[in-house]
Amino acid sequence: MNKIIIEGNNILSGEISISGAKNSAVALVPASLLSDDIVEIDNIPNITDIDALNEILKYLGAKVKRDGSLMTIDSTNIKNKEIPESISSKLRASYYFMSSLLGKFKHVEMYFPGGCSIGARPIDQTLKGFRALGATVIEEGNKFIIDAEELVGGNVTLDVPSVGATINTILASVKAKGRTVINNAAKEPEIVNVATFLNQMGANIKGAGTSKIIINGVEKLGKCYSEVIPDRIEAGTYIVAGALAGDKLKISNIIPEHVGALLSKLKEIGVDMEVGEDYVVVSKTDNLKPVRIKTLGYPGFATDLQQIITPLLATCNGKSVLEETIYENRFQNVPYLNDMGANIEINGRKIFINGPTTFKGATVKATDLRAGACLVIAGLAAEGKTTITNVEYVLRGYENIIEKLTNVGAKLKMEEE
Ligand code: EPU
């Protein structure tokens with residue numbers, strides 16, 4: 001286990017360039033095995049979730065080469081093997097292998113996926129998508145045996161616009177016979193990235209980014225070179241860090257539209273920002289106003305930025321209200337922020353943040369990925385020393401976080417616990 005130690009209250013200025021999106025890359029890598037040829041994916045972030053997916057690809061017999069952010073995957077000779085639970089339980093995205101293997105071999109045996117424990121996170125909608133294509137699903141404890149003599153396009157209306165279920169249904173249906181329609185699909189940019197990637201291989205997917213996606217099955221998928229979009233959650237994290245401790249901190253290589261809901265809230269709060277074509281420049285601002293936020297699917301305010309914005313809301317003059325509608329257990333950062341001097345009450349799915357707070361360093365624990373990132377940015381703004389334990393969670397989703405922050409003036413290091 002590692003810990004991050006931060007000497008807080010230093011001004012952040014200079015430039016942070018954003019890496020490829022974790023939640024796109026973790027879908028593109030498993031999706032690559034649907035190709036009958038070699039696939040190149042660029043802008044892959046160097047994070048431990050990608051290492052875990054690589055381990056699965058290699059276990060299945062794929063040849064994987066990494067050269068900086070370029071990943072070349074040759075899965076022409078892979079075997080359809082049961083992925084050990086010890087690997088698939090490392091991350092949520094392992095279940096993109098469920099759909100890719102089903103799409104390729106019409107049969108898959110896999111365990112319930114892992115992921116941050118921020119709520120129940122069922123996979124019923126993914127299974128609903130598979131069944132709509134004619135597959136049968138047998139559940140044996142937490143193991144799933146999914147089988148289809150033939151996958152045939154069908155119609156599925158998701159009960160909730162789930163990102164994972166939308167991507168899984170796309171992956172299982174690209175090579176199915178005929179036309180599949182997904183209604184009430186999730187609209188996140190990562191879904192558009194997955195559809196673009198598959199279309200570059202020769203798939204026929206229309207409507208990604210809207211709530212109705214149409215997939216016309218094709219027989220073969222070929223070679224392609226594709227790129228991962230910039231990580232909107234990493235971007236949002238550093239933008240909020242800039243709002244807490246920045247002096248003209250530039251966050252570059254972003255698609256501002258992808259963080260539109262965040263930028264709109266920051267404006268409402270009164271944060272000093274300049275938004276360019278592919279960057280944001282942000283500075284710490286005094287006399288911020290409290291605000292109400294409710295998390296929603298894209299293009300609403302992202303749940304993944306909910307914990308991230310909380311330390312900033314704590315510095316506003318007055319009471320902010322934040323409502324989490326996606327996950328049941330995504331306030332595990334709150335007691336630790338209170339240890340650092342915040343005054344936040346949890347009431348069911350809402351938190352009431354009573355500002356203003358001056359953060360003070362403390363020893364705190366990362367309970368999940370975004371909770372860990374939230375504590376890092378609170379630590380950057382805090383007086384004195386903050387120690388964050390359990391930071392393996394943070395390394396799952398943030399490329400070179402220590403270097404990126406050190407380069408803009410933060411004082412922090414990572415040590416073994
Ligand atoms: N849901 C169901 N049934 C399902 C699937 C989801 O009821 O079969 C519910 C979930 O319980 C949740 C909601 O639908 O309440 C949304 O879940 P979704 O399936 O959209 O989430 P996910 O695909 O499991 C991805 C990201 C998450 C991000 C969400 C929402 C990956 C690997 N993970 O999860 O990212 O919070 O979409 O945008 O792409 C993170 O990066 O920190 C993270 C947790």
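## Polar contacts of the ligand

A polar contact is a pair of N or O atoms within 3.5 Å; within protein, one atom must be able to donate a hydrogen and the other to accept it, and residues adjacent in sequence count only if both atoms are side-chain atoms. This is a predicted model, in which local features need pLDDT of at least 70 and side-chain atom pairs count only at pLDDT 80 or more, while totals for chains, interfaces and linings use all residues. Residues are numbered from 1 along each chain as its sequence is written, and side-chain values use heavy atoms, with hydrogens and water left out.

In the side chain of Ser 162, an N or O atom lies 2.6 Å from an oxygen atom of the ligand. Backbone atoms also take part: a backbone N or O atom of Gln 125 is 2.8 Å from a ligand oxygen, and a polar backbone atom of Pro 122 is 3.2 Å from a ligand oxygen. On its own the ligand has 830 Å² of accessible area, of which the protein covers 89% (Shrake-Rupley method, 1.4 Å probe).

## The shell around the ligand

The ligand is surrounded by 23 residues (a heavy atom within 4 Å of the ligand). Ser 162, Val 163, Asp 304, Ile 326 and Arg 370 come nearest. By class, the shell has nine nonpolar, six polar and eight charged residues; Asp, Glu, Lys and Arg count as charged, and Gly is among the polar ones.

Helices H1 (22-31), H5 (124-132), H6 (163-173) and H12 (369-381) each supply at least two shell residues (helices are DSSP runs of H or I with at least four residues, strands runs of E with at least two, numbered from the N terminus). H5 gives the most, with three residues. Domain 1 (2-19 + 230-416) and domain 2 (22-227) each contribute at least three residues to the shell, with bounds from an automatic or database domain assignment.

## Backbone geometry

The peptide bond from Tyr 298 to Pro 299 is cis, with omega near 5°. Pro 299 lies in the loop between strand E17 (292-294) and helix H10 (306-314). Another cis peptide bond joins Gly 355 and Pro 356, with omega about 0°; Pro 356 belongs to the loop between strands E20 (350-354) and E21 (363-365).

Lys 248, a residue other than glycine, has a positive phi near 55°. Lys 248 is part of strand E14 (residues 246-252).
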